[in-house]
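Student: Could we go through this protein together, starting with its overall build and then moving on to its charged side chains?

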Amino acid sequence: MSEPKPRMPLNDCGCCEGQTASTPSLIDNRHGLESVSYRIGDYHRFRDTMLARLSSSELPSLQKLTTRDNNDFSIALIDAWANVSEVLSFYQQYFANESFLGTAKERLSVLEHARLIGYELNPGVAASSYLAFTMDEPLTEMDNPVLRTLVPANSQVQSTPGPDEVAQIFETLEDIQARVRWNALRPRMSQPQVINQFMHSVVIEGTTTFINAGDELLLIDQANQKYVDQVTDVLIDENTQTTKLILSSEATSPNTYSVLPKDSAGSFSLFDGHAEVNESVTDLFVKRSWAIEDIVAIADTKHWDIEEIARRINAHPDVVANISVGKGVHGFHKRANLFGYNAMKRVTYKGRVPKDISKWKEWPAKENDSTLYLDNEYADISPGSYIVMRNASQNIFELSAATTTSRTEYGISSQSSKLTLASGSAGFSSQANAKAAMSNIVRKSIVLVQSESLPLAAVAISENVKGETILLGIADLDLRSQQIVAITGERVD
């Protein structure tokens, strides 16, 4: 639609202006309106425009019509056409609004819009909504507290009306099970620490520890692989009463927890011969992955109480104490040397005169691969503990025995801790000769001893709840597949 040509004013005061053409009007609608304006004029604008055109220089043949009397036939005809234009522009705007889905008022218009994409409107139905029922927590002094109930179908619920509103009545469509513990099902809040070579930190229980920055830790994973890492910082958390030992950065390790079952799936045949719920039955439920429906079916077949099964699963030691995935983490109280590390070299003579000290010869090492003698007595070393022996290489050993003995060798004598290795070789036989073993192992080795297992703490799960799976903090055997749950919380997006 073309815009009307702008008219120049005859003068500044406008006293010489007469009627001017005011149609078609400019159409301009902003976004988001509930209805759009599409009329190019109304009765008065159309009439004024036609009267103004009578005096237009573009129509000289009409200049002889000088009357503007409403009783004149010509002016009456103009008035009639102004009314016709009023009606036509009204319906033009009406149809324009029906042409847009956002402004259409007629059901037929909406129906035709939907049919453009192959959709047919469905018959109207009653309003529906999801309802979450909560139960009052029972008083602690009650003998037989009510922990569950059934909300029957067709139970009436009404909305809370606001000012000048009417309460809306709803009826439940099906029986609804209600449980006190379903008032708030909590996700799992903590996770075990998966011991591995690439841990960035270790969280231990308590706020007092003998570990300081610069000390070393022994990490032992599920496959019994052993790694040594150095502590760079010690962070104490008074709120959780834990201590974080930073190994390479401040990131908690681990910061994710797998919700997928790692054990094999269970089968009904595993319970053949079991007549009652006991520890062995609970072990079968805990150590295998099960669908809740299968557990319920087994309980029904065996006439077992499903609540008792749930209590036993949640109290199982593997569920309660699943903190460390791996053998654990150990710290060392002492750093020692091997016996003879500080012994003077063996004196050599030229005749009866000792040679220069720089020409004294090395003692031959009198050690074996399964026994280590330390430079002093370390009374708190116990069998079953670990040691780390470091020289040109690094070796980790478990001890089968630890005793205190007096030893005289390499020209010196002192009390020594005798350590018997449970497995592995100290490396003496790998040297070309006994003197090389003395120089490269006895004198250069540093031994971390008196290991102590550190009590690992469960760490908070820092991952946001996302995806299609939520891991709950307990095993709830009343939940079923296809059951609707409401998830509440603060969105991170």
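Student: How many helices and strands are there in the protein chain?

Tutor: We should keep in mind that we are looking at a predicted model. Counting the secondary-structure elements along the protein chain gives 8 helices and 21 strands.

Student: Is the chain a compact globule or more spread out than one?

Tutor: For 493 residues the globule rule gives 23 Å, whereas the radius of gyration of the protein chain is 46 Å, which is well over that value. Along its principal axes the C-alpha trace spans about 155 × 75 × 45 Å. Because its radius of gyration is well over the value from the rule, the chain is more spread out than a compact globule.

Student: What share of the residues in the protein chain is buried?

Tutor: A residue counts as buried when its relative accessible area is under 20%. Of the 493 residues in the protein chain, the buried ones make up 29%.

Student: How far apart in sequence are the parts that D478 and R148 tie together?

Tutor: D478 forms a salt bridge with R148, and their closest N and O atoms are 3.0 Å apart. D478 lies in the segment after β21 (459–460), while R148 belongs to strand β1 (residues 148–151), so the pair ties together parts whose separation in sequence is 330 residues.

Student: Which of these two partners is buried, D478 or R148?

Tutor: R148 has a relative accessible area of 39%, so this residue is partly exposed. The other partner has a relative accessible area of 11%, and the buried residue is therefore D478.

Student: In the salt bridge between D493 and R491, are the partners buried or exposed?

Tutor: The side chains of D493 and R491 meet at 2.8 Å, N to O. D493 has 71% relative accessibility, and R491 has a relative accessible area of 66%. Since exposed means over 50%, D493 counts as exposed, and R491 is likewise exposed.

Student: Which residues are joined into one network by salt bridges that share partners?

Tutor: By the rule used here, the count comes to 19 salt bridges. Those that share partners join into one network R148, R179, R181, E307, D476 and D478.

Student: Where does K359 lie, and what kind of surface patch does this residue help to form?

Tutor: K359 is found in the loop between β15 (353–354) and β16 (371–373). With a relative accessible area of 57%, K359 is exposed. Together with R346, K350, K355, K361 and K435, K359 forms a surface patch that is positive.

Technical notes
Residues numbered from 1 in each chain as written. Predicted model: local features only at pLDDT ≥ 70, side-chain atom pairs only at ≥ 80, totals over all residues. Heavy atoms only, no water. Patch = residues over 30% accessible without salt bridge, like charges linked within 9 Å, V, L, I, M, F, W, Y side chains within 5 Å. Areas by Shrake-Rupley, 256 points an atom, 1.4 Å probe, with all protein chains shown as cover. Salt bridge = Lys/Arg side-chain N within 4 Å of Asp/Glu carboxyl O. Lys, Arg positive; Asp, Glu negative; His and termini not counted. Charge placed at Lys NZ, Arg CZ, Asp CG, Glu CD. Helix = DSSP H or I, 4+ residues; strand = E, 2+ residues; numbered from the N terminus. Buried < 20%, exposed > 50% of the residue type's maximum accessible area, 1.4 Å probe, protein only. Rg over C-alpha atoms; globule rule 2.2 N^0.38 Å.
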